[in-house]
Amino acid sequence: MQTYIVLLGPPGVGKGTQAEIIAKSTGLPHISSGDLFRENIKNATNLGKLAQSFMNKGELVPDDVTIGMIRDRLSRPDCRAGALLDGFPRTTVQAEALEKLLAEFGGTVNYVPYIAASEATLVERLSGRWTCKSQGHIFHEKYNPPKTPGVCDLDGSDLYQRDDDKAETVTRRIQVYFAQTAPLIAYYRERGLLSEIDGAQPIEQVSLELLAVLGK
Ligand code: AP5
Ligand code: MG
């Protein structure tokens, strides 16, 4: 029996931070559509070039391209027991495609924790975020500072600030979230899968509540 978890929530609410923690305690692979796009950008692939043109503006990458990328990733052997999806699906079209895709693997979406926080909290978190260049480990200059500024505690790589964390792009990402992704809250609530978690709490408390939702 596979377990597929969809982590839902606005930009900067802590999806990636929590996914790293949950992936460790569940053993499920953490699949972040944003990280996959950033990996493609780093490797200068055609997909990366296309994705970058949308990401820099705070817009969503087209559904067909995104669904194809996730299909490839979920088809790999490490996802046989399930996966922890972070940032996908982000539109109703993607959510419907995910249902069909998981049905092909004999699975379904089992849990949708929805992490929520105010817009002011999101902006503060994104403006203080530092991300590791090699594996995307996530820090915050105030809430989760690295031991040495600018250096990843976990693998010693340099930390950088994401291009799309500039103030004007953050504003657009939040608008896009409300217009295109927030409808998934009702979509998954109607299916009895949604559990809302207060993302304004400290990282450790959010993790405890998430693990409780997952029955861990
Ligand atoms: P993506 O990389 O997914 O970005 P996002 O959804 O905007 O979310 P973020 O990664 O910015 O935030 P997060 O929720 O992961 O928060 P984090 O844990 O880092 O997508 C980027 C772009 O790619 C999109 O704009 C789009 O263009 C494209 N894309 C991706 N998926 C797509 C899709 N499916 N379809 C189409 N296009 C797609 O935390 C943020 C900060 O807060 C960190 O500094 C962290 O340390 C801190 N923090 C976390 N939790 C707490 C806490 N509880 N208390 C205090 N600080 C905290
Ligand atoms: Mg993230």
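This section describes the strands, nonpolar cores, first helix and second largest pocket of a predicted model.

Strand β1, comprising residues 3-7, is largely enclosed by the rest of the structure, because 4 of its 5 residues are buried. Pairing with two other strands was found for β1. Strand β3 (residues 82-86) runs parallel to β1 and is joined to it by 5 bridges; within this pairing, L7 has D86 of β3 as its bridge partner. Strand β4 (residues 109-116) is likewise parallel to β1, with 2 bridges between them, and Y4 is matched there with V109 of β4. In general, the strands of a sheet pair through backbone hydrogen bonds, in either a parallel or an antiparallel sense.

The largest nonpolar core contains 33 residues, of which L8, I31, L74, L98 and Y188 touch the most other members. At least two residues of this core are supplied by each of β1, α2 (33-42), α3 (46-55), α4 (63-74), β3, α5 (92-104), β4 and α8 (183-190). The greatest contribution to this core comes from α5, with 5 residues. For L8, when neighbours within four places in sequence are left aside, the contacts comprise K15, P89, V112, P113, Y114, I115, T181, L184, I185, Y188 and L194. A second core, separate from the largest, consists of 17 residues and includes A19, I22, A23 and L28.

Helix α1 spans residues 15-26. Its 12 residues should cover 16 Å at 1.5 Å a residue, and the C-alpha atoms at its ends are 16 Å apart, so the expected and modelled spans agree. The buried residues of this helix are K15, G16, T17, Q18, A19, I22 and A23. An α-helix has 3.6 residues a turn, so residues three or four places apart point the same way. Among the elements that cover the buried residues of α1 are β1, β2 (30-32), β3, β4, β6 (138-140) and α9 (203-213). The helix is followed by G27, which has a positive phi near 80 degrees.

Helix α1 also takes part in the lining of a pocket. The second largest pocket has a volume of about 180 Å³, and its lining is formed by T17, E20, I21, K24, H137, I138, F139, N144, L154, I203 and E204. Two or more lining residues are given by each of α1, β6 and α9. The largest share comes from α1, with 4 residues.

Strand β6 belongs to an open sheet of 3 strands, arranged in the order β6-β5-β7 with antiparallel pairing. Both β6 and β7 (159-160) stand at the edges of this sheet; each has a single partner strand, and therefore one side of each is left without a neighbour in the sheet. Strand β5 (residues 129-132) pairs with β7 through 2 bridges in the antiparallel sense. Across this pairing, C132 has L159 of β7 as its bridge partner, while T131 stands opposite Y160. On the other side of the pairing scheme, β5 and β6 are antiparallel and share 3 bridges, with W130 placed opposite F139 of β6. The hairpin formed by β5 and β6 has 5 residues between the strands, and G136 in this hairpin adopts a positive phi near 75 degrees. In a regular strand, side chains alternate between the two faces of the sheet.

Technical notes:
Residues are numbered from 1 along each chain as its sequence is written. Chains are lettered from A and ligands numbered from 1 in the order in which they are written. This is a predicted model: local features need pLDDT of at least 70, side-chain atom pairs count only at pLDDT 80 or more; totals for chains, interfaces and linings use all residues. Side-chain values use heavy atoms; hydrogens and water are left out. Buried means under 20% relative accessible area, exposed over 50%, partly exposed in between (1.4 Å probe, protein chains only). Two strands pair if DSSP finds at least two bridges between them. A nonpolar core is a set of buried Ala, Val, Leu, Ile, Met, Phe, Trp, Tyr and Cys residues joined through side-chain atoms within 4.5 Å. Contact means heavy atoms within 4.5 Å. The expected span of a helix is 1.5 Å times one less than its number of residues. On a 1 Å grid over the protein atoms alone, a cavity is a set of points where a 1.4 Å probe fits but cannot get out, and a pocket is an open set with protein on both sides within 12 Å along at least five of seven lines; lining residues have an atom within 4 Å of a point. Grid points are joined across faces, edges and corners, and a volume is the space filled by probe spheres set on the points.
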